[in-house]
Every structure is written in structure tokens, then in C-alpha cells.
Amino acid sequence: MSVESVMKKLTAIALSLLGWCTLSQALAADVSTEVMESKRAMQAKYPNQYASWQATSTQAARSDMLASYPAAVILWAGSAYAKEYHSPRGHQFAVADVTHTLRTGVASGEGKKGLSASCWTCKSPDVPRLIDELGVEGFSAKNFTDLGSEMNSVVYCSDCHVKGKAALTLPRPHARDAMAKVHLPFDKQDEAMQGAQVCGQCHVTYYFQPERSNKVNIPWIFGSSADLIEKYYDTRRFYEWIHPISKTPILKARHPEFEHWSRSEHAKVGVTCVTCHMPAATDGEGKEYTNHQVGKALPNYDAVCQGCHENKQALMKQLTSAKSQIAEKARRVEQLLVKAHYEAGAAWDAGASWAIMNDAIMAIRHSQWRWDFAMSSHGSYAHNPQEANDLLDTAILQAEHARRALSEILSMLSVTQVNYPDISTKEAAQQAVGIELDKLTEAKQAFIKQEVDKHWPAVSRTGY
């Protein structure tokens, strides 16, 4: 082939790529325009709801949960959760927070499989649009960083409502599937349960199905309790990752608020997420509307709580006591599990076999699952303190069982000393499990500067 022919082919390819880039930019511009037009229309039609939705931008405070509870670094060693884990904040930060967290990392490189795009699932109304375009598995098979430029808006009206209307809807396939599993199909429910299910699209535990391109799945085949979800996972021998110290196949719970609420005293009397966290409000003209700021219930005590809890001080005392009791038990489980992980590690180092380790390892797995199911649920002390306490009580027993079994194994293997890690601070715990936070942060900041700041929509930088 002549040089001239080669140049012609290269020119044609370049022009083709240029055309594709231009088309992609045009499509992105069309989507952005559509988003803006939709927002203007909804603002005009539902001004109070829209203004309160925008007010979620004032809920900017968050806490470093690993700094508060360094033992979690050890429990989550081997996963991205040990790198960074913050408390949640307002919906306006949904896209930016998942973009900037160390847990989502950086681009994996051309042709390489990185973190699944499923991590976007609950962050933007652009997700149902992309699922419609790509299919459920086509979407989840994409890399997380591949679709960042598509996330034009944060959690928005169409995540919960039929487009342009007040009627509720459930646009995410995994949520529709889950409600069918527990015999609560969305279209057969009253408005109160539909409202709870809308919140439950995202405020629910889930996992990524490896055999289905990492699509989101809610594990309710047997039911939605911690015991029945565990049965599902154990039956299919599923695990999220292998703990690098104890070799335990770990399960991860993710904010199971819907599950806790569904078995609560509140649920029994028809009090839902919307009742407490999106109370009725009145504007300056006396018009009533639903407050879409989605905040804490107690600041709205008179409107939200007083109907059932006549004494505010008594309610505050009850909540403080429940929170303290749950926290005390959680710290107990964490201390037991940290020691169990390292005792298992010492046993492996001494030549232990799976035949003698299986019982102890499964006890660690089950204890940590219950601890996680209790603690990953935001506000379990208010939503369902009885269930949280029961989970932690069982977790303590399981962790103690694991340590007794490991003590016998260590004695049999003539191990007389176990080196436990320093978990006095997040930094010490991360050092113990080999997390080089400075390097991770440097790589993440470079990715944000080179890719996010230049090519992703403005919502990916909200609050940063």
C-alpha cells in the first residue's frame, strides 16, 4: 500500500472520529437542554416542591465515618470501603460525592474492566434514560468512569414521579423486581406504600450480580430480613470480596433503611419515609405542599411526631437511649471482629487448613454481616431499634463463637501470640492493612482535574 493510500485512510478515520465526537457533543448538548427545559417546567408547575428540592444543597455537612470508627477499616479491609466512607448529605450532592470519593477510583484504562456503571444507579435520573438506551446489562457492563459525562442532573422529580405529573412511579428495574419478589407490586399499593417504595429504590441493600454484568439486584428471594438475605447469599455461595487477613468471604450491607422500616412499629401504623422526612408544609399564601428537602424528622416535631409522641422530651430521651445502646453493642462487635480477623490470619500463617477453619470463618462472615446490616442503615435507632439490637446481640454471640473456635485452633497449632493492629485512628488502621491514602488521593485528584473538571457536567462538582 502506498504512502498516499495510507494517508487517505488515516484522514478518513480522523474525519470519522471527528464526526463521532461532534455527534456525541451534540447529543450531550441536546440532553443538557432537555434537562434545563424540564427543570424550568417543573419549577413553574410546582414552585414550592422545586424550591425545597433545591434546598437540599444546604445539607452540606458530613462526617468521616472511618475517622469516627477506625475498626471499620479492618473489617472492610480488601474493599474500597476501607479507603473512604462518609456520612450522607443532601440529594444535590449525589453525583458529586460518588464522583469524588476514593471508592470509585479513577479510569481503568482503554479496554480494561473497571468499576461498574451500576454505581451510578441511584445518583441521577439519567440512569433510567441510559438503561432504556443500553438495556439493563448493557448499562451495568459499562465502566463507571465511561458514563460520568452523561450524568446531567442529581436525584430529581422523574426519579419518583411520572414525567411532568405528581403521580408516583418506580423507574428503576431492580426496584420493580424486588417489590415483586416480596409480593408488593408497585401498581397494587396505596399512595403511602408507593411513596415508601419510591424511597426504597435507593435506600435499600443490594449487590451487583457478577453473572449478569454486575447489574443491581436486591437479594430478597427468600425475604428481606438479614437472616433471609444471608440464606440467599450462602445458598449461592456469594461474597463481595475475600478478606486479606482472615480469608473470610465477606458480605456487605448497603443502607437497608427500607428493610428496617418495613418491619417497624411505624410501618404497622402506616407511618412511612414520606410522613417523617417529607412533611406537609405551608407557603406564604397558605398553600399546602410536600417538603422535598428530605431532612431529619425532629426539627419538624410539631408537624411530624406530635400526633403519636405527645411528649417531646420523652421521645428525645427514648431516641438517645436507643442510639447509645446500639452504639455500645456495635463497638463491642467491632472489637471482637478485629481480633477474630487477626486470629484467623495467625492460624493461616501457622498452616491451618480449610477443614479446621471453616466453622470459625463462617461465624466471622455471619457476625460481620449482621453488624453491617445494623450499622449501614442510617438511623436504625429511630427506624427500628429492636431489630438493630437483635442483630447486634446475635453478632456478638457469633463473633465470640468464632474467637473460641480460633483459640482452639491456635492452641493446636502452638501459636502463643497474635499481633493485633493499632486501631486508635483511621490512619493507623489504614496503615495496618496497607492502604496508601496519599497515593490514592493524588491519583484521584489528578483524574478529577484532567477528566471530571474538563468533561463532566457541573453537577459532578457540586460542593467541591
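## Briefing on a predicted single-chain model

The chain exposes about 23400 Å² of surface, of which carbon and sulfur atoms supply 54%. The coordinates are those of a predicted model, and the secondary structure of the chain comes to 20 helices and six strands. The radius of gyration is 24 Å, close to the 23 Å that the globule rule gives for 464 residues, so the chain is as compact as a globular protein of that length. The points below take up the overall dimensions, the nonpolar cores, two backbone positions with positive phi, and a set of individual polar and charged residues.

**Overall dimensions and composition**

- Taken along the principal axes, the box filled by the C-alpha atoms of the chain is roughly 80 × 70 × 40 Å.
- Buried residues make up 45% of the 464 residues in the chain.
- When contacts between residues at least 6 apart in sequence are considered, 72% of them join residues that are at least 24 apart.
- The chain carries 49 positive and 50 negative charges, and the mean positions of these two sets lie 2 Å apart.

**Nonpolar cores**

- In soluble globular proteins, nonpolar side chains tend to be buried together.
- The largest nonpolar core in this model holds 73 residues, and within this core Trp76 and Met357 touch the most other members.
- The elements that give two or more residues to this core are helices H4 (71-75), H8 (173-181), H9 (191-200), H10 (226-235), H11 (257-262), H15 (312-349), H16 (354-375) and H18 (385-412).
- H15 gives the most to this core, contributing twelve residues.
- Once residues up to four places away in sequence are set aside, Met357 touches Ala344, Ala347, Trp348, Ala352, Leu406 and Ile409.
- A second core, separate from the one just described, has 22 residues, among them Ile131, Phe139, Leu147 and Phe447.

**Positive phi outside glycine**

- Lys247, a residue other than glycine, has a positive phi near 65°, and Lys247 is placed in the loop between strand S3 (241-242) and strand S4 (249-250).
- With a relative accessibility of 38%, Lys247 counts as partly exposed.
- His255 likewise has a positive phi, near 30°, in a residue other than glycine, and His255 sits in the loop between S4 and H11.
- The relative accessible area of His255 is 24%, so His255 is partly exposed.

**Buried polar and charged residues**

- Gln209 belongs to strand S1, residues 207-209, and at 9% relative accessible area, Gln209 falls under the 20% limit and is therefore buried.
- The contacts of Gln209, leaving aside neighbours within four places in sequence, are with Asn214, Lys215 and Asn217.
- Gln194 is located in helix H9, and with a relative accessible area of 15%, Gln194 is buried.
- Beyond the neighbours within four places in sequence, Gln194 is in contact with Leu168, Phe186, Asp187 and Gln189.
- Lys39 is part of helix H1, which covers residues 3-45, and a relative accessible area of 12% makes Lys39 buried.
- Leaving aside neighbours within four places in sequence, Lys39 is in contact with Tyr50, Trp53, Ser153 and Tyr156.
- One of these partners, Ser153, is 114 residues from Lys39 in sequence, while the two C-alpha atoms are 9.8 Å apart in space.
- Asn152 is found in the loop between helix H7 (136-140) and H8, and Asn152 is buried at a relative accessible area of 12%.
- The C-alpha atom of Asn152 is separated by 58 Å from that of Leu413, a residue 261 positions away along the chain.

**A partly exposed acidic residue in H10**

- Asp234 has its place in helix H10, and at 26% relative accessibility Asp234 counts as partly exposed.
- Not counting residues up to four places away in sequence, Asp234 touches Met362, Arg365 and His366.
- The C-alpha atoms of Asp234 and Leu251 are separated by 9.8 Å, and these two residues lie 17 apart along the chain.

Key
Residues numbered from 1 in each chain as written. Heavy atoms only, no water. Helix = DSSP H or I, 4+ residues; strand = E, 2+ residues; numbered from the N terminus. Rg over C-alpha atoms; globule rule 2.2 N^0.38 Å. Buried < 20%, exposed > 50% of the residue type's maximum accessible area, 1.4 Å probe, protein only. Contact = heavy atoms within 4.5 Å. Areas by Shrake-Rupley, 256 points an atom, 1.4 Å probe, with all protein chains shown as cover. Lys, Arg positive; Asp, Glu negative; His and termini not counted. Charge placed at Lys NZ, Arg CZ, Asp CG, Glu CD. Core = buried A, V, L, I, M, F, W, Y, C linked by side-chain atoms within 4.5 Å.
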